[in-house]
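Work through these exercises with the sequence and the 3D view side by side. Try each task before you read its solution.

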Amino acid sequence: MNKRKSIPFIALLVAFIVWIYVKPDTELPSLPDHHPSYIADDVQSNHYDEFGFNDYRVFAEKMTNYPENDTTLFEYPKVIVYTKDKKTDVITTWQLTSKTGTLTEKYNLLLSGDVLVENLSKDQLVQTMSTAQATLQLDSKEISSDQKVTWTGPQVKQEGVGFWASMVTEEMKLNSNIKAVYLNESK
C-alpha cells in the first residue's frame with residue numbers, strides 16, 4: 001500500500017482511538033430493583049376449572065405484573081365469579097368491582113377502594129355487599145374483610161364490622177357491631 005492511500009486510514013484510526021479515550025463515560029440507565037415484567041391495558045382474562053367450567057373472569061383498565069414477588073396490580077378491576085350448584089346445575093353469578101386490586105399467591109385478590117359485590121343472578125337473600133376493602137380467594141370463592149360492610153337484599157339490610165362469605169355454600173357471617181333491618185314482604 002502506498003503512502004497516499006495509507007494516510008487517510010491512519011488518520012481515521014488515530015481519530016477513533018482518541019475518541020475512545022477522550023469521550024465521557026455515559027452510564028446506561030438501570031432498571032429499579034422492583035420493576036414490572038409486563039404492563040397491560042384493557043385486560044380480560046378467563047379462568048376455567050378442570051372440567052372446562054368458566055370459574056371466573058377478570059377485567060381491568062390496567063394490569064402490572066411484578067414477578068420477583070409474584071404480585072399483580074390491577075386498576076379498576078371487575079371480577080365475575082360463577083358458582084354452579086352441584087345438585088341442580090344452577091349457575092349463580094357474582095360481580096366484584098373496586099378501584100384497585102392486588103393479586104398475590106395466584107388466588108388471593110385484595111380489592112381496595114369502594115368495593116362492591118353484586119349478585120347478578122338476583123337469586124340470593126343478599127344482593128349487594130359494599131365495603132372499603134375485601135379479600136377474594138379465587139380458588140375457594142370466599143370473600144372476607146375486617147372493614148365495615150353493608151349487605152342489602154330485597155328484604156334485608158345489615159351492617160357490621162368484618163365479614164366472611166362463601167359464594168359456593170351461600171353462607172355469610174358478620175363479625176361484630178351488627179345492625180339489621182328486615183323488611184316486610186310486599187303484597
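**Exercise 1.** In which strand is N65 found? Then decide whether N65 is buried or exposed, and find its side-chain partner.

*Solution.* First, a note on the model. It is predicted, so local features need pLDDT of at least 70 and side-chain atom pairs pLDDT 80 or more, while totals for chains, interfaces and linings use all residues. Residues are numbered from 1 along each chain as its sequence is written, and side-chain values use heavy atoms, without hydrogens and water.

Step 1. N65 is found in strand β2. Strands are DSSP runs of E, at least two residues, numbered from the N terminus.

Step 2. N65 is buried, at 12% relative accessible area. Buried means under 20%, exposed over 50%, and partly exposed in between, with a 1.4 Å probe and protein chains only.

Step 3. List the contacts (heavy atoms within 4.5 Å). Beyond four places in sequence, N65 is in contact with P36, S37, Y38, T71 and T72.

Step 4. The side chains of N65 and T72 are joined by a polar contact of 2.9 Å. The cut-off for such a pair of N or O atoms is 3.5 Å; within protein, one must be able to donate a hydrogen and the other to accept it, and residues adjacent in sequence count only if both atoms are side-chain atoms.

**Exercise 2.** How many residues does the largest nonpolar core have? Place L96 in the picture.

*Solution.* Step 1. The core has 27 residues. Such a core is a set of buried Ala, Val, Leu, Ile, Met, Phe, Trp, Tyr and Cys residues joined through side-chain atoms within 4.5 Å.

Step 2. Among the residues with the most contacts inside this core are V79, L96 and L136. Strands that each supply at least two of its residues include β2 (54-66), β5 (91-97) and β8 (128-137).

Step 3. L96 is found in strand β5. L96 is buried, with a relative accessible area of 0%. In soluble globular proteins, nonpolar side chains tend to be buried together.

Step 4. Leaving out residues up to four places away in sequence, L96 touches V79, V81, L136 and I143, among others.

Step 5. Now look along the chain. L96 and A134 are 38 residues apart, and their C-alpha atoms are separated by 9.8 Å.

**Exercise 3.** Which residues outside its sequence neighbourhood is V79 in contact with?

*Solution.* Skip neighbours within four places in sequence. V79 is then in contact with R57, V58, W94, Q95, L96, L109, L136 and L138.

Terms used:
Helix = DSSP H or I, 4+ residues; strand = E, 2+ residues; numbered from the N terminus.
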